[in-house]
Amino acid sequence: MNKFTDKIAVFLLCLLIPGLAWSETTPPKEKKVLVVYYSRTGHTQLVAEKLAKKFGADVERLIDQHKRTGVFGISSAGKDAVASNTTVIDALKHNPRDYDTILIGGPSWFGNVTPAVRTFIMQNDLSGKKIGLFGICHLTGVEHAIEEAADLISKGTLKKFPTMPLREGELAEDVLFKKIDVFYTEVMGETKKK
Ligand SMILES: Cc1cc2nc3c(=O)[nH]c(=O)nc-3n(C[C@H](O)[C@H](O)[C@H](O)COP(=O)(O)O)c2cc1C
């Protein structure tokens, strides 16, 4: 190597070594809040994405392996929700154990929790987690569905959780952001600095 290439090599090493040292010593970014949701037609998804932004959260979308589209799919959706049936959901991409706050949401089906959300709650140990519950319906039933989710999580101990029940008419950003601000304060016990 001539002197010029030597200089370039030294310069590149100087750039590289601090970079290597940094990557070794920097701990992995802590992810503390997880938003878990099921959405058939996208309304809960929209809310979940706004929540994730506000809370700085990771997002886990529950995928129901049971078909919930078409006449038969929708009728089985209603029947399963009313009968408190569980379903089969895809493997989770995030481990709820790694989070201390979990926000759980989904649509209300005839005033009931969806099978996917029920399945998630029943398959995961949520004790000791800070929980927030949100849900959506067209006109009526979401409060009942959220209550049902709370009962499932608290296993009959009637524990109260912060909740954010929504109707489709409240998805406009100005309304939704105000609701999310209130929910954030209830869940985190503080107001987020802007
Ligand atoms: C099987 C089934 C039952 C439903 N029952 C009700 C109901 O009783 N009351 C209501 O207001 N909306 C009801 N809905 C509408 C959904 O709750 C509503 O459209 C919600 O916004 C859908 O959320 P998503 O887009 O996240 O799936 C029902 C929908 C389905 C598929």
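The following dialogue asks how the descriptions of this predicted model are justified.

Visitor: On what basis are residues numbered and features accepted here?

Guide: Numbering starts from 1 along each chain as its sequence is written. Because the model is predicted, local features need pLDDT of at least 70 and side-chain atom pairs count only at pLDDT 80 or more, while totals for chains, interfaces and linings use all residues.

Visitor: What makes a stretch of the protein chain count as a helix or a strand, and how many of each are there?

Guide: Both are DSSP runs numbered from the N terminus, a helix being H or I over at least four residues and a strand being E over at least two. The protein chain has six helices and five strands, and from the N terminus on they run α-β-α-β-α-β-α-β-α-β-α.

Visitor: What makes strands count as paired, and which order do they take in the sheet?

Guide: Two strands pair if DSSP finds at least two bridges between them. S1 and S3 run parallel and are joined by five bridges, with Val33 opposite Thr101 in S3; S3 and S4 are parallel over seven bridges, Ile104 having Leu133 in S4 as its bridge partner. S4 and S5 are also parallel, over five bridges, and here Gly135 has Pro165 in S5 as its bridge partner. The result is an open sheet of five strands in the order S2-S1-S3-S4-S5, with parallel pairing.

Visitor: Why are S2 and S5 called edge strands?

Guide: Strand S2 (58–61) and strand S5 (163–167) each have a single partner strand, so one side of each is left without a neighbour in the sheet. From one strand to the next, the twist averages 15°.

Visitor: How are the angles between helices and strands defined, and which strands does H2 lie across?

Guide: Axes are lines fitted to C-alpha atoms, for helices over the stretch in contact, and angles run from 0 to 180 degrees between N-to-C directions; contact requires C-beta atoms, placed from the backbone, within 7 Å. On that basis H2 lies across S1, S2, S3, S4 and S5, running at about 160° to S3, while helix H6 (residues 173–188) lies across S3, S4 and S5 at about 155° to S4.

Visitor: Why is Leu166 called buried?

Guide: A residue is buried if 20 or more other C-beta atoms, placed from the backbone, lie within 10 Å of its own, exposed if 12 or fewer, and partly exposed in between. Leu166, in strand S5, has 23 other C-beta atoms within 10 Å and is therefore buried. Apart from neighbours within four places in sequence, Leu166 is in contact with Val47, Phe134, Gly135, Ile136, Val142 and Lys179. By the burial criterion, six of the seven residues of S3 are buried, as are 31% of the 194 residues of the protein chain.

Visitor: What makes a residue part of the shell around the ligand, and how is that shell divided by class?

Guide: A residue is near the molecule if its C-beta atom, placed from the backbone, lies within 6 Å of it. The ligand is surrounded by 21 residues, the closest being Ser39, Thr41, His43, Thr44 and Pro107. H3 gives the most to this shell, with three residues. Ala, Val, Leu, Ile, Met, Phe, Trp, Tyr, Cys and Pro count as nonpolar, Asp, Glu, Lys and Arg as charged, and the others, Gly among them, as polar; the shell accordingly has eight nonpolar, 11 polar and two charged residues.

How values were computed
Two residues are in contact if their C-beta atoms, placed from the backbone, lie within 7 Å.
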